[in-house]
Amino acid sequence: MQHTLEQFFRALRAADVRVSPAEAIDASRAVAVTGYGDRTLFRDALCSTLAKSAEEVDRFESVFESFFSRDAVGMPPPSASEQGEPSEEDMAATESSPLAQAVLQGDNAQIQQSMEEAAARAGVADIRLSTQRSRLTRRLLEEMGLEEIERIIANARRMPNGEGQGLADRLDQARRDLFTEAQRYVARQHDLYAAGSARELREERLAKKQLNADGGVDPVDYQLMQALVKKMAKRLATKYARRRRAAQKGHLDVRKTLRRSMAHGGIPFQIEWKVKKIDRPSIVAICDVSKSVAAAAQFLLTFLYSLNEVVDRMDAFAFSGRLISVNDVLDDNAVEGAILKVLQEIGFQQTDYGRSLQDFAEQHLDSLDRRTTVIFLGDGRSNFADPRLDIMRQIHDRSRAVIWLNPEPESYWGQGDSVMNRYARFCHVAKQCGTIEQLERIIDDVLRSYVPH
Amino acid sequence: MAQSGFQSFISKDRILTISPPAAANAADPLASVDTLIEGLGSVGYIASRRIATALFMAVKLEKPILVEGSAGVGKTELALSTATLLGLPLIRMQCYEGLDESKALYEWKYGKQLLYTQILKDRMGEALADAPDMDAAMDRLHGMGDLFFSEPFLEPRPLMKALRHDDGCVLLIDEVDKSDEAFEAFLLEVLSAYQVSVPELGVIKAKTPPLVFLTSNNVRDLGDALKRRCLHLHIPLPEAALEERIVAARVPGIEAKLTRELVAFVQTLRTMDLRKSPSISETVDWARALVLLHAGSLAPEVVRDTLNVILKFEQDITAVEPQVVELLHRR
């Protein structure tokens, strides 16, 4: 029984429900209280000990359903049933194989049990990759005793006057059905235990993928990427919020208290506490969505969106030819809608860095102060227009830090129409940022060193 | 034995029917999940099976229970009703940003301490007068210092109060997601061992572990360490049938027809894209308002006049108002 629970925990972990040993122990204790008699009670008890958020509850339920309602083997009834019970001779001929007898009698429960036992021996539950499926199906059938059936079929075919022909055909059909069943069983085990590891593999690969490469992100991976970026932004925000909040301690401020008590002849009627003032940091993010960064634009915007969700004070701008504020769009729409709207409004035009910087300077330069960190996301390719370095210098002088994240590798900076080298002089940090992994590392550094805390 | 019981449990076609534990004391609401549902019902809380199961497990496993759900689905109410049902005192701690242990656990009464030092100044002078040298005076002073860090100067706050209730109590830590991480970490010791360490007094351990409810609105994600120590319960918005029962239980004297109509209307509203969907507490408030207005059924004018009870944002009200007639007909 404990073994079944352990298998269930494994299936849950594969579905991205975190089950720590401590939670596993709690679940076992809960099961000891509820018993196995009442399915709903059993499920709810497990659910309350294992699933720790609304999304996990959903995943828990779907795993529970597929794990604990293993559909019985649905073998079609053997064709012999038209003639009633299998004949004495048939039973005698298949004496050496309990499986063959079970198949002939249409004893699905027996087949199911034999399949589960064989699966345990063949280690089907250890499946990791989808490519292992056919090999495991084969092993499962071997463990069930398929060879014996094949031998019986061969014997029956060799019988004189074709009198074994009927039996052979029936067994042959049953063998094919068994094969389908075994395939289904293995596929289900794969879904239960291996789906998670496949996703992990894809996520890992995606995190390292160059986003500005030709074609950018595969549309198939797009949703995965959004989830990944969101996760990352959240992780950063939690970390960074913790640093920001220097807790106000309940310490007595002796100096202030004594001073105030002077008014009452040295008797401290009023107590003063130490208070620590915390600067509210703010971030200004300016994102290039022009043609030259088309492939990376969606990714950069996704990041902008997630950052906007987790940082309380952020002003977001997007530009290609001109610059607009996208705060409202990001606030009011879901992530896909917001990105689409921004791109529709301003995306994929000719870049003009000078013009955009001027727009920014006219409307928002006043809002920069020594607490502001400015983050540029863009490739610094200005189509040979005036890069307006004077504005860049102003931004640099007014703000606490200017960070430039460029999807292009550093060796490309300054080549062709790139003015990145000239901008880089006015940046505290200018780095290549082509993959999600790099992005996370850089932003982490930025938040740690350039945002007041 | 357990193996065979389990096998029959998982194959759907042959579910073992185990009769409920016989001779369950009807007076004890904690005998089973069903008696718990009944008990909660008797104090006016209509619980779904999942809620009751989670509560049941929390009591049996002596673990805190973390209740999540949008505002107004009855998270706090669950703790209040449980306290009433079990006849235990309820200690409530509202969390907010900046809450720290001096407000949650204990605090020294600094004012009293300082005042006493002032009053005892002369006595201290006397006591120290005959000390031969500075060292001896310091020694005596050390002896007195402890006087001021003793029980009479201790101000217990909710957590300590809860741990000191020898007969058990219900501790409600409300909106724990609004407190900051440092405080969350501080809660861990309380929640897993039901004890706290006070440097000046030592470890204080509860004789009877309190039944702890934590509620969260998902303002921020709670840490895994905290979640791991708790049972998790997510209360969704209820289905129509359940909501009707809740309204009937909460608003005595409401007509069945009106209940049905208003619940159906609220359920339709929830399918719309609103900034804040009405939750159970809004439905109940609305039902009360309608009863006060002697409305026998939902007429468009009445709905328009009272929309502000269920919708809390101006945009939502302006969005819904022109559609009221249509929405009323849609059901």
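In this predicted model, strands β1(B) and β9(B) pair in the parallel sense, with 4 bridges between them. Within this pairing, Val67(B) stands opposite Leu233(B) of β9(B). Strand β1(B) also pairs with strand β8 of chain B, residues 211-216. That pairing is again parallel and has 4 bridges. Here Ile65(B) has Phe213(B) in β8(B) as its bridge partner. Strand β1 itself covers residues 65-68 of chain B. Its side chains point in two directions: Ile65(B) and Val67(B) point one way, and Leu66(B) and Glu68(B) point the other way. All four of these residues are buried.

Chain B, which holds these strands, has 17 helices and 9 strands. Of its 331 residues, 31% are buried. Contacts in chain B between residues at least 6 apart in sequence were also examined; 72% of them join residues at least 24 apart.

Chain A has 20 helices and 6 strands. Buried residues account for 38% of its 453 residues. Among contacts between residues at least 6 apart in sequence, 72% in chain A join residues at least 24 apart.

Helix α3 of chain A spans residues 39-50 and has 12 residues. From first C-alpha to last, α3(A) reaches 16 Å, close to the expected 16 Å. Helix α3(A) is largely enclosed by the rest of the structure, because 9 of its 12 residues are buried. These buried residues are Leu41(A), Phe42(A), Asp44(A), Ala45(A), Leu46(A), Cys47(A), Ser48(A), Thr49(A) and Leu50(A). Their cover comes from both chains. From chain A, it includes α1 (2-14), α2 (21-34) and α4 (54-68). From chain B, it includes α2 (33-42), α3 (49-61) and β9 (231-234). Strand β9(B) thus appears twice in this account: it helps to cover α3(A), and it pairs with β1(B).

Elsewhere in chain A, Asp221(A) lies in helix α12, residues 219-244. Asp221(A) has 16 C-beta neighbours inside 10 Å, so it counts as partly exposed. Beyond its neighbours within four places in sequence, Asp221(A) is in contact with Arg202(A) and Leu206(A). Asp221(A) and Arg202(A) are 19 residues apart in sequence. In space, their C-alpha atoms are 8.3 Å apart.

Technical notes
Residues are numbered from 1 along each chain as its sequence is written. Chains are lettered from A and ligands numbered from 1 in the order in which they are written. This is a predicted model: local features need pLDDT of at least 70, side-chain atom pairs count only at pLDDT 80 or more; totals for chains, interfaces and linings use all residues. A residue is buried if 20 or more other C-beta atoms lie within 10 Å of its own, exposed if 12 or fewer, and partly exposed in between; C-beta atoms are placed from the backbone. Two residues are in contact if their C-beta atoms, placed from the backbone, lie within 7 Å. The expected span of a helix is 1.5 Å times one less than its number of residues. Two strands pair if DSSP finds at least two bridges between them.
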